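Okay, everyone, thanks for squeezing me in. Let me put the model up and then we can walk through it together.

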Amino acid sequence: MAASSSSSSSATIMTERRGIPAAAFVEDVQTYLNQSGVDVNSALAFLQERHQQYKLVEMKILAQQRELQAKIRDIVKCLDIVATLQARKSTGEAFVADFEVSEGIYSRASVKDTDTVCLWLGANVMLQYTCDEANALLQKNLENAKGSLDVLVADLQFLTDQVTVTEVTIARVYNWDVYQDRMRQAAGGRDS
């Protein structure tokens, strides 16, 4: 980890986004190695470890993104149902609806004129709301979920940039090492 504190040989400043450390672009490999006080193999090991950490965080963020997208779909579906109930309320006649009891299990119900709905809040909690209260709560939850999704998308973009910088840095350090080996071999061949 010593390489992370002084790994920037360029003018970029090390920053982070929500706990994700920024990767520094290495312009001069020799200066980078001298400043970090490590050899090429140690620098490559550190960079590859950092790359793996970025990939792990990327997988976690992608999982959170999928969960939020599913949550947004559920909220939109609930909003549609509340809107349907409010629209049907004025007609005064009952209608038949199929609703999901559990995943893959549906039931049919006759819904009469109603002013209330029950919302599943999670953690084995269901509360009854008026249609207007339910609509307001669902709209608020939808806004919060979309805001969280925007943050995750920004985190994912930042992380993608860090992965790219790290991959380029790994390639630059490796290529520099290969070049140095060839130069030593060429110098050794001339001496003999």
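I'll go through the salt bridges, then a surface patch, the cysteines, two backbone angles and two residues in a helix.

Quick housekeeping before that. This is a predicted model, so local features need pLDDT of at least 70 and side-chain atom pairs count only at pLDDT 80 or more, while totals for chains, interfaces and linings use all residues. Residues are numbered from 1 along each chain as its sequence is written, and side-chain values use heavy atoms, with hydrogens and water left out.

Right, salt bridges. Side chains of opposite charge can pair when their charged atoms come close. The rule here is a side-chain nitrogen of Lys or Arg within 4 Å of a carboxyl oxygen of Asp or Glu. With that rule we get 6 salt bridges.

Let's start with Arg17 and Asp155, where the closest N and O atoms are 2.5 Å apart. Arg17 sits in strand E1, residues 16-17, and Asp155 in helix H4, residues 131-191, so this pair ties together parts that are 138 residues apart in sequence. On the naming, helices (H or I, at least four residues) and strands (E, at least two) are DSSP runs, numbered from the N terminus.

How exposed or buried are the two partners? Arg17 is partly exposed at 26% relative accessibility, whereas Asp155 is buried at 2%. For those words, buried means under 20% relative accessible area, exposed means over 50%, and partly exposed is in between, with a 1.4 Å probe and protein chains only. There's a third member here too: Arg17, Arg18 and Asp155 are linked in a network of salt bridges.

Next pair: Glu58 and Lys55, with an N to O distance of 3.3 Å. These two are 3 residues apart in helix H3, residues 40-89, so about one helical turn separates them. Glu58 is buried at 18%, and Lys55 is partly exposed at 32%.

Then we have Asp115 with Lys89, closest N and O atoms 3.3 Å apart. Asp115 is in the loop between strand E4 (105-111) and strand E5 (116-122), and Lys89 is in helix H3, so the bridge ties together parts that are 26 residues apart in sequence. Asp115 comes out partly exposed at 47%, and Lys89 is partly exposed as well, at 34%.

Okay, the surface. Phe99, Val101 and Ile105 make up a nonpolar patch with about 280 Å² of accessible area together. Patches use residues with over 30% relative accessible area and no salt bridge; like charges are joined within 9 Å, and nonpolar side chains (Val, Leu, Ile, Met, Phe, Trp, Tyr) within 5 Å. The areas come from the Shrake-Rupley method with a 1.4 Å probe, and for residues only the protein chains shown count as cover. Ile105 belongs to strand E4 and is partly exposed at 48%.

Cysteines next. How many disulfides does the structure hold? The count is 0, where a disulfide is a pair of cysteine sulfur atoms within 2.5 Å. For Cys78, the closest cysteine sulfur is in Cys118, 12 Å away, so that's too far for a bond. Cys131 also has Cys118 as its closest, at 11 Å, again too far. Cys78 is partly exposed at 30%, while Cys131 is buried at 2%.

Now the backbone. Arg18, which we met in the network, isn't a glycine but has a positive phi of about 50 degrees. You'll find Arg18 in the loop between E1 and strand E2 (20-21), exposed at 59%. Asn124 is another non-glycine with positive phi, near 60 degrees. Asn124 is in the loop between E5 and strand E6 (125-130) and is exposed at 70%.

Last stop, helix H4. Thr166 is in that helix and is buried at 3%. The Thr166 side chain reaches the backbone oxygen of Gln162 at 2.8 Å. Setting aside residues up to four places away in sequence, Thr166 touches Ala23, Leu47, His51 and Tyr54, with contact meaning heavy atoms within 4.5 Å.

Trp176 is in H4 too. Beyond its neighbours within four places in sequence, Trp176 contacts Val29, Gln30, Leu33 and Val40. By contrast, the C-alpha atoms of Trp176 and Leu119 are separated by 61 Å, with their positions 57 residues apart along the chain.

That's my tour, thanks!

Note on methods
A polar contact is a pair of N or O atoms within 3.5 Å; within protein, one must be able to donate a hydrogen and the other to accept it, and residues adjacent in sequence count only if both atoms are side-chain atoms.
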